[in-house]
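Thanks for coming. I will go through one model today, starting with the interface and then moving inward. Please have the structure open while I talk.

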Amino acid sequence: MTTTEPRSRSREAAGQATAFFDAYRRHDVDAMTDLCADNAGFFYVPFELWGKQRVLRGDGKVKTVGKTIWVGLIASFPDLFATVHSVDANDNGDVVVRCDIGGSQQLAWGAAEPRGQKFSEPHLFIFHVDDDGLIDRISAYWDGAGINRQLGHLEVD
Amino acid sequence: MKLFTRRDRAEDQTETAAEASPAQTVSTFLTAFGSCDVEAALSVVDDSVRVDIHPTGLSEGGAAELRAFLTETATAFPDLVVTVKNLIETGSAVTAELKAEGTQAAGYLGAINQEKHLDVDQAWRFTVSGDRITGIDAYWCQNQLYRRLAVKRLDQISLV
């Protein structure tokens with residue numbers, strides 16, 4: 001793992017993002033959300049569930065949409081892991097994290113039925129940490145097709 | 001009136017290049033990419049660049065693979081619009097959150113042309129050394145991209 005040379009605010013922001021992934025690895029969703037401001041924004045950009053009449057997106061707030069997705073993800077992948085490769089931060093409170101997330105599927109996840117398959121996929125997380133030292137925005141990007149292929153789910157939903 | 005000698009201009013260009021911040025270098029690349037100007041985009045990319053375009057499966061590629069990807073994108077979406085929503089500079093790393101939009105006019109990443117409109121949110125993380133891009137990691141959801149291009153299955157991308 002590489003980490004950029006942090007100064008004071010950037011060090012604090014990087015620390016908060018690192019603590020977030022420490023909690024993620026422990027599957028401690030309450031600790032993950034406690035690191036975030038009450039109104040923190042949540043944007044899991046690839047997350048789209050297409051229904052017949054509407055599309056459910058991974059946009060909203062950490063303490064509503066985010067928490068629900070994390071709880072569901074950990075239930076579906078009980079051995080979920082997050083391996084951090086780099087943490088880059090600046091004095092504006094921005095933190096960019098490159099990581100791999102993966103696990104073995106035990107329950108349905110989105111439209112993917114459980115087939116006992118594993119996945120490991122590169123992710124990019126972008127955090128913003130506010131003046132109080134709390135995460136007030138999380139965006140994440142990954143390739144959902146890469147995950148679906150590994151899980152054996154080949155329909156483009 | 002000031003007359004510039006060839007050496008003056010060379011020194012001036014050197015100074016300008018030295019003043020470019022990593023974010024400015026990345027902006028030059030993205031502006032050129034959005035204009036489908038592959039050569040201008042590559043003009044700020046180092047020959048030794050390491051390129052990971054995760055959705056395409058490209059890992060540890062180089063300048064040739066980057067050129068091929070940019071060219072395929074510019075050919076498939078001649079009306080490409082790249083809108084940068086957020087540009088974050090963290091030392092020598094610059095991360096761009098952007099939206100790529102366009103109308104398909106040729107085959108793209110295995111998907112045949114059905115003249116569909118594409119809009120996909122993406123994140124590109126660049127490593128910059130001096131005024132040259134030396135590393136690129138690109139992230140987007142290929143499921144979203146294929147869905148917009150009317151692909152039905154990941155194992156039958158060229159079928160409709």
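**Interface, fold and core**

The contact between the chains takes 25 residues from chain A and 27 residues from chain B, where two residues are in contact if their C-beta atoms, placed from the backbone, lie within 7 Å. This is a predicted model, in which local features need pLDDT of at least 70 and side-chain atom pairs count only at pLDDT 80 or more, while totals for chains, interfaces and linings use all residues. Residues are numbered from 1 along each chain as its sequence is written, and chains are lettered from A and ligands numbered from 1 in the order in which they are written.

Which elements of chain A each supply at least two residues to the side that touches chain B? They are S2 (36–50), S4 (81–89), S5 (94–104), S6 (118–129), S7 (135–142) and helix H4 (144–151). Helix H4(A) gives the largest share, five residues. By class, that side of chain A has twelve nonpolar, six polar and seven charged residues; Ala, Val, Leu, Ile, Met, Phe, Trp, Tyr, Cys and Pro count as nonpolar, Asp, Glu, Lys and Arg as charged, and the others, Gly among them, as polar.

Now the fold. Chain A has four helices and seven strands, taken as DSSP runs numbered from the N terminus (helices H or I, at least four residues; strands E, at least two). Their order along the sequence is β-α-α-β-β-α-β-β-β-β-α. The C-alpha atoms of chain A fill a box of roughly 45 × 35 × 25 Å along the principal axes.

Of the 157 residues in chain A, 41% are buried, meaning that 20 or more other C-beta atoms lie within 10 Å of the residue's own (exposed is 12 or fewer, partly exposed in between).

On to the interior. A nonpolar core here is a set of buried Ala, Val, Leu, Ile, Met, Phe, Trp, Tyr and Cys residues joined through C-beta atoms within 7 Å. The largest one has 73 residues, and Val95(A) and Ile138(A) touch the most other members. Strand S2(A) gives the most to this core, six residues. Apart from it lies another core, of five residues, including Trp109(A) and Phe119(A).

One last residue: is Ile135(A), in strand S7 of chain A, buried or exposed? Ile135(A) is buried, because 26 other C-beta atoms lie within 10 Å. Beyond four places in sequence, the residues that Ile135(A) touches include Phe20(A), Leu35(A) and Phe127(A). Its C-alpha atom is separated by 9.3 Å from that of Asp38(A), 97 residues apart along the chain.
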